[in-house]
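User: I'd like to understand how the labels on this model were reached. Could you take me through the reasoning behind a few of them?

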Amino acid sequence: MKISWNAARLVQYYWGLCFSRVEPRTVLFQHPLYSLSRNLLIFIYWIRNIADLYHKSFALFNSQIKTVLDGGVQLITSAEDGIKTWILIIKIKMSKDEVRVSGGAIDNVEIIPLGAGQEVGRSCIIVKYLDKRIMMDCGIHPGFSGHASLPFLDQVNLAEIDVMLITHFHLDHCAAVPFVVGHTNFKGRIFMTHPTKAIAHTLLKDFVKLSKSQNFLYGDKDVEAATQRTEVIDFQQTIDIDGIKVTAYRAGHVLGAAMFMVEVAGMRCLYTGDYSRVADRHMPAADLPVSMRPDIVIVESTYGVSRHLPRREREEKFATMVHSTIAKGGRVLLPVVALGRAQELLLILEEYWSKHPELHGVPIYQASGLARRAMTVYRSYIEMMNDDIREAFTTANPFKFKYVTHLKSTGQFDDVGPCVVMATPSMLQSGMSRELFENWCGDARNCVVIADFAVQGTLARDILSSPSDILSRSGARLPLRCQVDAISFSAHADFPQTSEFLDSLSPPHVILVHGEAAEMGRLKKALEQRAGALGISRTVYTPKVTQAVLIAHAPRRTAQIVGSLVQATEMGVATKKIQGVAVKRGASIAIMNQEDLPRYTKLHTGSVTQRQSIALRRDFSDVRLALELTFDDIAAVESAQTEHEVSLRIGDSVTVTHSAATKDRVLLEWLGGTEADMIADAVIAMVLQSAGEPAGICDAEERMLAAIKSGDNQGAVLAEMGLVSKLLDAQFGKTRIDEKQGIIFVDVDGKHVILTTDLDTGDVDIKCADTQLKARVERAVSRIHTAVHPSKIMMQDSISPKL
């Protein structure tokens, strides 16, 4: 059966026309000009129902619906029993009383380095997945000062960050935290390990003192505020932060350093921070979290494809260089970070001095008050160090040094004769290490040992290229005659450690950070070649700062079945379809029967009885016959069957009542619900088929078509006014039309509506003091124009399929 476009549009118009007074119900009307079968009407009704009515009815649930759909759950909205619920159809694999929801739309994991992208310094990595935002580390760049040293924090909305995870206390990983807390709109939680929190507080207060004479980023109040907001996490502990599962693992590197495994909706991302898989004199090797295979590993690439010397070999080389320099009458400068490598070197020197009595007269100075103060923390967390330190601590404190003297300032230092001085900072940018270097660099007997990674753009990096002179802080050129050597005691992973670590975890995606571009590129190539040789699927990324990496991942969520639904489920079946109400509280989802809502939640079910009175223009016996021919389950309600009233029950839900007192109307009653709503709308459609068309519709339409055919534009506009007037009359009551002025007057319950038509363009202006009534009339007129001018709609449809 062919249906003209105009016919379909008129039917669409009448859906909203006939009962717009009963919002938001949408009913179907069949125009008598077109012979449409009942089945077609119901089909068109369902299209309308889904596209329009339910879109409005469940607009309040859009956010929850998106969240559940992101989790791979097929979801249907329902208004059964008067409450809006989620009906879930889930393919599940059951284990006890939990459900793993699988499938669903693919979402992108977005990883953005705000720092440490093809550079070493200001580590700050953002991980976005679904509606969760995680910040990994928040440090400064040692090669810059002031705001230039910060990560590119303006690239993200910090108010959206759920949690900040700090791996360890070095400034390039934590020194921007007080700035973010005190000077941005960051509202998230902050986590680090116990030692990291204790040492970072001391380090940051010292950083503030040094910064006051330079570019000021934040003050002591910001440090205290950041410390107060910081929460602690233990190694091997898992915490749930509103749907973000965080597990901390040992990273080696320094005391308290952690790697973080983050899990969101089944997506696992491991961030190593700075890590070392080789134990040294006081720190154990990093953990290998093989029990939780990550989908993504964000790993440092500081040393690229370089290989560290074996521990014994580098310690012997270091001790030999120190001893030979002292034997020449020279001085040894060890620029170090106050905490971390400093303690490692002190343990080496203490042991070497104890074995060489000839060196007992040569002083070892530690020129860092910060290191001295932080030693209390080291002594407090002996249990977090390696077996050698724990065993030594049973008899004596290994960090109580016999041959080491602490210096508060250069004023206490008697610069006479050979000595070893350990001073900060490690990059020789300022402080005592810079002062001593400028004093000693011109003497060939002296020696400088760079024991940590030298960051590009620093003096420590510059002198490794053996320049003939250096620029002092005062601007003078100083000759560089002293010996400079790099012996890495840096607890960063080298290529063998990184490659073996990744081979064991086998993540499909690896993101390299915390490395210079050239080294990072070489490491990427080497890792890809190694993965190919081993048959491992691996994609390696080397993003620049602020360059996002997008990785597709299908969310996986776990929902817990509770209540009577557990008893009704056969736990021995591997896959099964179940139905229930999904209740989302925070990050957890519970599936239960509707009857269990009051038991497990604060929600209660209710019911809504709907009544609708419909005009009847045909004998009720004809309507009854049509209903009985259409519905199998229909019967008279005996208790209501009287001489003056007849009631019919369709199924268990819809009642149709006709009374002699109101012989020109029928009353529908039903309990709100998906099935009942469908039956009620079908009944309404059938009742309305008897209504007949409004008087004068055909004449008005013929006038309009004749005027269009003759090219009489104004006549067509006037004829259309007449058509609009007739249709509004059918919907709202008696209307009056003034064709000379192009005005239609509508009166509804004493309220006046004036429609003014431009006789040249056909544009309509509607005025009414009652905004709700005005909106109803505007909607009705819009639908009339949609039906009358289908060609315009067709043109729009060809432009945008969404219309």
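User: Which residues is K132 in contact with, beyond its neighbours within four places in sequence?

Analyst: Happy to start there, with the reminder that this is a predicted model. Leaving aside those neighbours, K132 is in contact with V127, D162, D242, G243, I244 and V264. K132 itself lies in strand β7, which covers residues 132-136.

User: What makes the approach of K132 to D242 a polar contact?

Analyst: The side chain of K132 reaches the backbone oxygen of D242 at 2.6 Å. The cut-off for a pair of N or O atoms is 3.5 Å, so this pair falls within it.

User: And why is K132 called buried?

Analyst: Its relative accessibility is 10%. Buried means under 20%, so K132 qualifies.

User: How do you know how many disulfides there are?

Analyst: A search of the whole structure finds 0 of them. Take C174: the nearest cysteine sulfur is that of C138, 9.3 Å away. A disulfide needs two sulfur atoms within 2.5 Å, so C174 is in none. For C482, the closest cysteine sulfur is in C441 at 5.9 Å, which is too far for a bond.

User: Are those two cysteines, C174 and C482, buried or exposed?

Analyst: Both count as buried: C174 has 2% relative accessibility, and C482 has a relative accessible area of 8%. Each value is under 20%, so the label follows for C174 and for C482.

User: What makes strand β19 a mostly covered strand?

Analyst: The strand spans residues 419-423, and 5 of its 5 residues are buried. In a regular strand the side chains alternate between the two faces of the sheet. Here C419, V421 and A423 are buried on one side, and V420 and M422 are buried on the other, so both faces of β19 are covered.

User: Which strands are joined to β19, and how do you know that they pair?

Analyst: Strand β16 (residues 331-335) is joined to β19 by 5 bridges and runs parallel to it; V332 stands opposite V420 there. Strand β17 (residues 364-367) is also parallel to β19, with 4 bridges, and Q366 stands opposite M422. Pairing asks for at least two bridges, so β16 passes and so does β17.

User: Why are β36 and β39 called edge strands?

Analyst: They belong to an open sheet of 4 strands in the order β36-β37-β38-β39, with antiparallel pairing. Both β36 (735-738) and β39 (764-767) have a single partner strand, so one side of each is left without a neighbour in the sheet. Neighbouring strands of this sheet are turned by 15° against each other on average, direction ignored. Between β36 and β37 (residues 743-748) there are 4 antiparallel bridges, and T735 has V746 as its bridge partner in β37.

User: What packs on that sheet?

Analyst: Helix α21 (residues 713-732) does, touching β36, β37 and β38 (751-757). The direction of α21 makes about 5° with that of β37.

User: Finally, how do helices α8 and α9 pack?

Analyst: Helix α8 (residues 311-327) and helix α9 (residues 341-355) meet at an angle of about 65°, with axes 11 Å apart, and their crossing is right-handed. The contact involves residues of α8 including F318, V322 and I326, and residues of α9 including L345, I348 and W353.

Key
Residues are numbered from 1 along each chain as its sequence is written. This is a predicted model: local features need pLDDT of at least 70, side-chain atom pairs count only at pLDDT 80 or more; totals for chains, interfaces and linings use all residues. Side-chain values use heavy atoms; hydrogens and water are left out. Buried means under 20% relative accessible area, exposed over 50%, partly exposed in between (1.4 Å probe, protein chains only). A polar contact is a pair of N or O atoms within 3.5 Å; within protein, one must be able to donate a hydrogen and the other to accept it, and residues adjacent in sequence count only if both atoms are side-chain atoms. Contact means heavy atoms within 4.5 Å. Axes are lines fitted to C-alpha atoms, for helices over the stretch in contact, and angles run from 0 to 180 degrees between N-to-C directions. A crossing is left-handed if the near helix is turned anticlockwise from the far one by less than a right angle, and right-handed if clockwise.
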